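User: I have just opened this entry and would appreciate a guided tour. Could we begin with the aromatic residues?

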Amino acid sequence: MNVDQFLEILYQQNYLKTIDIPDKQLSVDFIEDIFSFLFTPVKSRQETVEGLSKRLYNLQNTFSALLYDVLHDEEKVEHNTAVFFQALPSIYEKLLSDAEVVLQFDPAATSLPEVFVAYPGFFATVVHRIAHQLYRQQIPTLPRLLSEYAHSKTGIDIHPAARIGSHFFIDHGTGIVIGETTIIGNHVKLYQGVTIGALNVSKELARYKRHPTIEDHVIIYSGATILGGDTLIGHHSIIGGNVWLTNSVEPYSVVYQKSEIVVRDKFPLQEVLNFII
């Protein structure tokens, strides 16, 4: 294969790859702008009336441009833009409940504005709720692009198809993974390093429920791993740190791993230890 043939193949492949892929930077700009639109305090009444209206109009135009990249149909773009922005008030209401539960339960949180601007778990939740709405509207590619941006920024990986209830609280967050078919109820709290994943990643299982169901009022502490589509964590349960679960637990369960820690003093041992390899 000569250079000209190679360039032609590369061009054809890259062209095919970009046909239904929205502009990545525009996607990032959109999610950052919509976050700012929802959670940056306004400066005055005039800005409330005039500035927010203009920002909303710009967001709608940006969103329509992103949709056209993947839908290629003006009528579908117009319809899906209307559906998304009609859903935005209810998404915002649910996000406020997420922020309020952070303020209520995290002793380090001092105000809602602090939660809005300084909590990566809240940012990841915002992006997920928006991406999930797009997933429900069957918008291709864009939901994953948004969720992967949140992943790269926060270390929290939530598939846009995952169903998450209200009053959701992610504390610290780094290293959290929530798989595609996960179902999470209301008032659930997750700490860093939690994995809610699949037992088997075989492609043949793509259409099946592969990830756990977490019922209401469950707390899952750092490093816990919960796997399997048939695994159900009953409501009001507590899953301790570093627990590995592949089976269901009843409501009001407390699951923990008992470990042994041996501490010796800093003085030399009385007897020499001989290691034979």
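User: Is F122 buried or exposed?
Analyst: F122 is buried in this predicted model, because its relative accessibility of 4% falls under the 20% cut-off.

User: How many aromatic pairs are there?
Analyst: The count comes to 14 aromatic pairs. One of them joins F35 and F122, with ring centres 6.3 Å apart and planes at 65 degrees, an edge-to-face arrangement.

User: Where do F35 and F122 sit in the chain?
Analyst: F35 belongs to helix α2 (residues 24–39) and F122 to helix α6 (residues 120–136). The pair links distant parts of the chain, as its members are 87 residues apart. F35 is also buried, with a relative accessible area of 12%.

User: And why is the pair of F63 and F84 stacked?
Analyst: The planes of F63 and F84 are at 20 degrees, under the 30 degrees that bounds stacking, so the pair counts as stacked. Their ring centres lie 4.7 Å apart. This pair, too, links distant parts of the chain: F63 is in helix α3 (residues 45–71) and F84 in helix α4 (residues 74–105), 21 residues apart. F63 is buried at 0% relative accessibility, and F84 is buried at 0% as well.

User: Which residues form the aromatic cluster?
Analyst: One cluster is formed by F35, F39, Y92, F116, F122, F123 and Y149. Of these, F123 has K153 lying over its face, at 4.3 Å from the ring centre. Elsewhere, K189 lies over the face of F105, at 4.0 Å from the ring centre.

User: Back to α2, please. Why does its length agree with what is expected?
Analyst: Helix α2 has 16 residues, which at 1.5 Å a residue should span 22 Å; the end C-alpha atoms are 23 Å apart, so the two values agree.

User: What caps the N-terminal end of α2?
Analyst: D23 does, through a side-chain oxygen 3.2 Å from the backbone nitrogen of Q25.

User: Which residues of α2 are buried?
Analyst: The buried residues of α2 are S27, V28, F30, I31, I34, F35, F37, L38 and F39.

User: Changing topic: what is the volume of the largest pocket?
Analyst: Its volume is about 300 Å³. The lining has 21 residues, and H159, G179, E180, R210 and H211 lie nearest the centre.

User: Which elements supply the lining of the largest pocket?
Analyst: At least two residues each come from α7 (142–154), β1 (157–158), β4 (177–178) and β7 (195–197). Helix α7 gives the largest share, three residues.

Note on methods: Residues are numbered from 1 along each chain as its sequence is written. This is a predicted model: local features need pLDDT of at least 70, side-chain atom pairs count only at pLDDT 80 or more; totals for chains, interfaces and linings use all residues. Side-chain values use heavy atoms; hydrogens and water are left out. Rings of Phe, Tyr and Trp (its six-membered ring) pair if their centres lie within 6.5 Å; planes under 30 degrees apart count as stacked, over 60 as edge-to-face and the rest as tilted. Helices (H or I, at least four residues) and strands (E, at least two) are DSSP runs, numbered from the N terminus. Buried means under 20% relative accessible area, exposed over 50%, partly exposed in between (1.4 Å probe, protein chains only). A charge sits over a ring if NZ of Lys or CZ of Arg is within 6 Å of the ring centre and within 35 degrees of the ring normal. The expected span of a helix is 1.5 Å times one less than its number of residues. A polar contact is a pair of N or O atoms within 3.5 Å; within protein, one must be able to donate a hydrogen and the other to accept it, and residues adjacent in sequence count only if both atoms are side-chain atoms. On a 1 Å grid over the protein atoms alone, a cavity is a set of points where a 1.4 Å probe fits but cannot get out, and a pocket is an open set with protein on both sides within 12 Å along at least five of seven lines; lining residues have an atom within 4 Å of a point. Grid points are joined across faces, edges and corners, and a volume is the space filled by probe spheres set on the points.
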